[in-house]
Structures are given as C-alpha cells and as structure tokens.
Amino acid sequence: MKVLIVGGGPSGTSLGLWLLKNGIKPILFEKKTFPKDKLCGGLITPRGRKELNLLNISYKHLAFEPPNINISDGGSLNLSFKNDMGIELIKRQQFDKLLVDEYVQRGGTLKENHEIKDINTEKKYITSAQGEKYFYDILVIAEGAGGRLRKKLQEPKLQNALCLEYKNRDEIPSRDKKSINVYFLDDKPGYAWRFDNSDETVLGIGSLLNYTELKNKFNNIFGEVHKLKGAYVPYGLQPRQSSIKDIYFVGDAGGYVNSLLGEGISYGIASGRALADIIVNNNNSLDCVLRENLSFYLSLRNLFFSKTLSKLNIKLLKKYQELAIFICKEFILRSDFTVFGYRKLLQYFWRYKIGQ
Ligand SMILES: Cc1cc2nc3c(=O)[nH]c(=O)nc-3n(C[C@H](O)[C@H](O)[C@H](O)COP(=O)(O)OP(=O)(O)OC[C@H]3O[C@@H](n4cnc5c(N)ncnc54)[C@H](O)[C@@H]3O)c2cc1C
C-alpha cells in the first residue's frame, strides 16, 4: 500500500511512525528542511507524554518542567498550584527534529524541501514544487492549520484562532520562580500565556479576535514588544474527514485540537495513531473517542466563555478555589483522551468530595 503523508509536524510524523510499526513504509513530504521552527508554546500535557511513550520516543532530555502553575483572569482571580502532574515545555525546533529523526531511523522515507503543490484526485497523484509526480493509494494531509491543500480539495474551512507569540531570552526567572502562567481573556474565548522554559520565556495570546485587537490585548497584558509573530490554530469546529475517498486529514489540518486549551501537539500525535488504526485495521474506534473528547472540550469552552456565564464562572472559581484547582489539574490538564461527557465530570466531582 502506497501511503503519502504531506506535512512533517507532530501529526504527520507520528502517523508515519505508527505505520512503520505496522509494516507500512510511507513517504513523508515536508516543504521546509529540518530543524524547522514552528510558532508554539511547547506545552506538553500528560496526554502528550502518554502518546510519546506509546511510540517509545525518549524526549525527556528536551523537556523542562516549571515548578509552578498560575491561572488568572488578569484581575482578582488567581489560582496557583504546584506542577505536580508533570506538565512539560519543549522547543518545537528540537522536538519536531527528534520525531522525524526517529521516523527516518526506523525506516521511513522523508522528502524534505518538498512542497506539495497539487493533487489529482482522479488519477491519485500529488505534484511537488519540483514538478515530480507521486502516486498514492492513500493520501494523508498533515499540513497544519490554514494549509493550502484543504482549500484545493474544496473541503469546508475550519475555524481558526489567531495566535501571537514572542520569545524573551533576556529576563529569565530563577528556577524556583519559573511558572506556566495562563491569563483568561475577559470577553472572548481564548487566553494569554507566559511559559518559562529553561532558557527562554514564551509570551503569547490566542483568540478569535483580529490582529489589531489581539495585539492590543497582548500589549495590555505583557507590554509592547517588537517582532511579535502570528500563526493560526484550529479552534472550534469539529474534525472533519475528507469527503474524497482515500484522502484523510490529521492534526491541525483535520481540526484535532482541544478547543479549551488550544492543545494540539498531543491531539495531533493521537490523531496519527487513530488514523494508522483506520488504515491498518479498518478500526475507527480511537478516532471516535478523540472526536467525542474534542466535542466535549468544545462544549466546556463554550460554557466557560459564554457571555452571560463567564462572569458567574469567574465568581464561582474564586469562591471555590480548591475545587477549581482540582478540576484544572485532574479534568483539564491530566485526564486522558477517554475522558469525555458530563457523566465523567460528575464522577470527578464525586471523587473530589470523597477526597475531602
Ligand atoms: C502560537 C501557538 C502556540 C501553540 N502552543 C501550543 C502548546 O503550547 N501546546 C500544544 O499542544 N499545542 C500548541 N499549539 C498548537 C500546535 O502547535 C499544533 O496543534 C501542532 O503543531 C499541530 O501539529 P501538525 O503536525 O498537525 O501541524 P504543524 O505542526 O503545523 O505541521 C505541519 C507541517 O506541514 C508542512 N507543510 C504545510 N504545507 C505543506 C505542503 N503543501 N507540502 C509539504 N509540507 C507542508 C509545514 O511546513 C509543517 O512542517 C500552538 C499553536 C500556535 C499557533
């Protein structure tokens, strides 16, 4: 079976690794050359760690665990707790290179500097910028958010949120003061972040606002900086597979991103695993679980940020801080992909009550 994967980010590479594990040798096309950069906070939850362990990827030498987590609404709400669940920060340039090196070492074919420009769905081939044709039995689009191929295939557009980011390498807090900081925006879904990695601090913001509105909010929270960079992340609509036979989407290209957190690394890797299961075993159960999980977090996001509820939510979070921290840790940051649905949420409340 000839499987071609377009895009060498975490989702395309993890799909490649899973196919190799199952005896299929895909070809992975990446338009850039490694090490390539990607605008990203680099936060890895325990969900991501589990996925990487399943793939036997040793990445710990690249990861840093800031000791503290702070969540605030930029005003009077301040939830602070220890990072005792192992939330990690990585740098994407190193991380993506590690994944792709593993893929090549395990026998995968990589074509760097190969941008795929066109797809012929009738004759089932793709064309690179160099004009080469590659025929496929299965084509996987892992081109990230807002890629061109999704548009070319005339698939429905996914809703994307704009993110702005800046890396500060001058003022680095001491080790014990390093934190993962999240600031909820008051009026729209989204948040700003300050992630203290080992030798740099990443300042960012993401929301459904336009560039000027977002930049103003960034400036209000962090102060003005030069060289603010922007990129999109899918933020809202559900993953949609291609309606064209033998073409699939993974990662950002398919909308596999947790809408509450904008977390796409672990979901991208998991969507690669789910698609490998579809291709190899014709089994879509993991994909269904992922979709339900995403849909649940989307409804939580809508609940949390709804105009009428958001003020009430903040009041409740302030009043029941311990419970709020418990939910953040267990339900939002630590839980795995199988956790979805309000019944599960009630189970968590129940466990919390017993714990008390
Ligand atoms: C500012 C920002 C901060 C973020 N922070 C976090 C975070 O802290 N934690 C987290 O989990 N997620 C975060 N995300 C989301 C996360 O970065 C993405 O969800 C993740 O990168 C998705 O992986 P992917 O492989 O699907 O796509 P990508 O990582 O975007 O990879 C797509 C690849 O395809 C290549 N490509 C595109 N078109 C073509 C083509 N035509 N031919 C060949 N190659 C092509 C691109 O060069 C790229 O290498 C953040 C996103 C943004 C924008």
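**Exercises on a predicted model**

**Exercise 1.** Decide whether Leu312 is buried, partly exposed or exposed in this predicted model.

Solution. Leu312 has a relative accessibility of 42%. Buried means under 20% and exposed means over 50%, with partly exposed in between. Leu312 therefore counts as partly exposed.

**Exercise 2.** Place Leu312 in its helix and name the nonpolar surface patch that contains Leu312.

Solution. Start with the helix: Leu312 belongs to helix 8, which covers residues 307–319. Next, turn to the surface: Leu312 forms a nonpolar patch there with Leu316 and Tyr320. Together these residues have about 280 Å² of accessible area.

**Exercise 3.** Find polar atoms of the protein that lie within 3.5 Å of an oxygen atom of the ligand.

Solution. Take the side chain of Glu30: one of its N or O atoms is 2.6 Å from a ligand oxygen. Then take the backbone: a polar atom of Gly42 is 3.1 Å from an oxygen of the ligand, and for Ile265 the distance is 2.9 Å. As for cover, the ligand on its own has 1,000 Å² of accessible area, and the protein covers 95% of that.

**Exercise 4.** Describe the shell of residues around the ligand, by element and by residue class.

Solution. Count the residues: 38 surround the ligand, and Ser11, Glu30, Gly41, Leu43 and Asp252 are the closest. Sort them by class: 16 are nonpolar, 11 are polar and 11 are charged. Then list the elements that give two or more residues: helix 1 (10–21), strand 12 (160–168), strand 14 (190–196) and strand 16 (229–234). Strand 16 gives the most, with three residues.

Note on methods:
Residues numbered from 1 in each chain as written. Predicted model: local features only at pLDDT ≥ 70, side-chain atom pairs only at ≥ 80, totals over all residues. Heavy atoms only, no water. Patch = residues over 30% accessible without salt bridge, like charges linked within 9 Å, V, L, I, M, F, W, Y side chains within 5 Å. Areas by Shrake-Rupley, 256 points an atom, 1.4 Å probe, with all protein chains shown as cover. Salt bridge = Lys/Arg side-chain N within 4 Å of Asp/Glu carboxyl O. Helix = DSSP H or I, 4+ residues; strand = E, 2+ residues; numbered from the N terminus. Buried < 20%, exposed > 50% of the residue type's maximum accessible area, 1.4 Å probe, protein only. Polar contact = N/O pair within 3.5 Å; in protein donor to acceptor, adjacent residues only side chain to side chain. Nonpolar A, V, L, I, M, F, W, Y, C, P; charged D, E, K, R; others polar.
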